[in-house]
Every structure is written in structure tokens, then in C-alpha cells.
Amino acid sequence: SRLIRQNSDGGDASVRYYGILRQLAKSVMTVIVNGPFSSAPPKLDTTPAGLPQHPYHAFLAGAVGGYIVWGRYSSVNYQLILYLASRILVGCIKLAREKGIRPFSWKRLEFANSYPYGAAVIWG
């Protein structure tokens with residue numbers, strides 16, 4: 001009949017769909033019987049907006065993604081890694097200055113005073 005199609009390997013396609021439909025029916029019946037939130041009240045998230053629940057998850061995801069996407073050496077990947085390393089270093093120095101950590105909070109190490117020396121070291 002037209003309702004039961006044969007796969008290219010000769011198998012019955014309706015058998016494959018039976019498992020999918022059975023799982024869907026089971027899921028729908030579970031929601032109907034238990035309610036959408038089951039018997040336990042939903043757990044409210046107390047994390048402030050914009051902050052992760054577990055900060056190490058973001059670090060771990062970034063490390064795994066960086067390894068998979070940028071882990072293979074190429075000249076372009078190397079340039080990106082150097083650029084990001086410099087941006088992270090500058091950000092850490094600025095954060096240390098804002099928090100008053102010495103020697104980054106010293107007056108003579110302000111950006112206008114230290115930039116010429118930094119440029120000389122980088123280009124020298």
C-alpha cells in the first residue's frame with residue numbers, strides 16, 4: 001500500500017517512525033498527567049541579570065571552543081591569538097588600576113605617561 005513505503009535497503013519505513021511517534025506520545029502524556037511543571041514548583045533563578053549562574057561554565061565553553069575552532073596553527077590564527085592576548089593583558093592592567101593595585105595605580109604610570117615607553121618596547 002502507499003502508507004508503507006520501502007526504504008532503499010528494503011526495510012519498512014513505518015517501523016522507524018513508530019519509535020519516534022511512541023516517544024512523542026509518551027512525552028505528551030507525561031505533561032498532561034503531571035502538568036507542565038510536574039508536582040514540584042519551578043526553581044526560580046536568583047542570579048542577577050547579565051551574570052552566569054556558574055562563571056566557570058563560560059570559561060570552559062570558551063576554552064573548548066577556542067581549542068576546536070582556533071587550535072590548529074595557521075598564520076591567521078596566530079595573529080588572532082596574539083591580538084587577543086594583548087587585549088586581555090591591557091584589560092587586566094586597566095582593571096588592576098581601577099582596583100588600586102600597585103604599581104598600576106601609580107600616577108606616573110597613567111596612560112599618557114606610559115604609552116610612549118610601551119610603544120618603544122613593542123617596536124624596539
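**Asking how we know: a four-helix model**

Modeller: Let's start with confidence: among the elements of the protein, helix 1 (residues 13-34) has the lowest mean pLDDT, 74, and helix 3 the highest, 89. Here pLDDT is the predictor's confidence in each residue, from 0 to 100. This is a predicted model, where local features need pLDDT of at least 70 and side-chain atom pairs count only at pLDDT 80 or more, while totals for chains, interfaces and linings use all residues. Residues are numbered from 1 along each chain as its sequence is written, and side-chain values use heavy atoms, with hydrogens and water left out.

Biologist: What is the mean pLDDT of the protein?

Modeller: The mean is 77, and 77% of the residues reach 70 or more.

Biologist: What makes something a helix here, and how many helices are there?

Modeller: Helices are DSSP runs of H or I with at least four residues, strands are runs of E with at least two, and both are numbered from the N terminus. The protein has 4 helices and 0 strands, so its elements read α-α-α-α from the N terminus on.

Biologist: How do you know that the span of helix 4 agrees with its number of residues?

Modeller: The expected span is 1.5 Å times one less than the number of residues. Helix 4 (residues 111-123) has 13 residues and should span 18 Å; its end C-alpha atoms are 17 Å apart, so the two agree.

Biologist: And what about helix 2 and helix 3?

Modeller: Helix 2 (residues 55-70), with 16 residues, should span 22 Å, and its ends are 22 Å apart, which agrees. For the 24 residues of helix 3, 34 Å is expected and the end C-alpha atoms lie 35 Å apart, which agrees too.

Biologist: Why is Asn77 called buried?

Modeller: Buried means under 20% relative accessible area, exposed over 50%, and partly exposed in between (1.4 Å probe, protein chains only). Asn77 has 13%, so Asn77 counts as buried. This residue sits in helix 3 (residues 75-98). A polar atom of the Asn77 side chain lies 2.7 Å from the backbone oxygen of Arg72.

Biologist: What share of the protein is buried?

Modeller: Buried residues make up 2% of the 124 residues. Helix 4 has 0 buried among its 13 residues, so helix 4 lies largely in the open. Helix 2 is hardly covered, with 0 buried among 16.

Biologist: Why is the pair of Tyr73 and Tyr78 called tilted?

Modeller: Rings of Phe, Tyr and Trp (its six-membered ring) pair if their centres lie within 6.5 Å; planes under 30 degrees apart are stacked, over 60 edge-to-face, and the rest tilted. The count is 1 aromatic pair. Tyr73 and Tyr78 have ring centres 6.0 Å apart and planes at 55°, so this pair is tilted. Tyr73, at 64% relative accessibility, counts as exposed, whereas Tyr78, at 43%, is partly exposed.

Terms used:
Polar contact = N/O pair within 3.5 Å; in protein donor to acceptor, adjacent residues only side chain to side chain.
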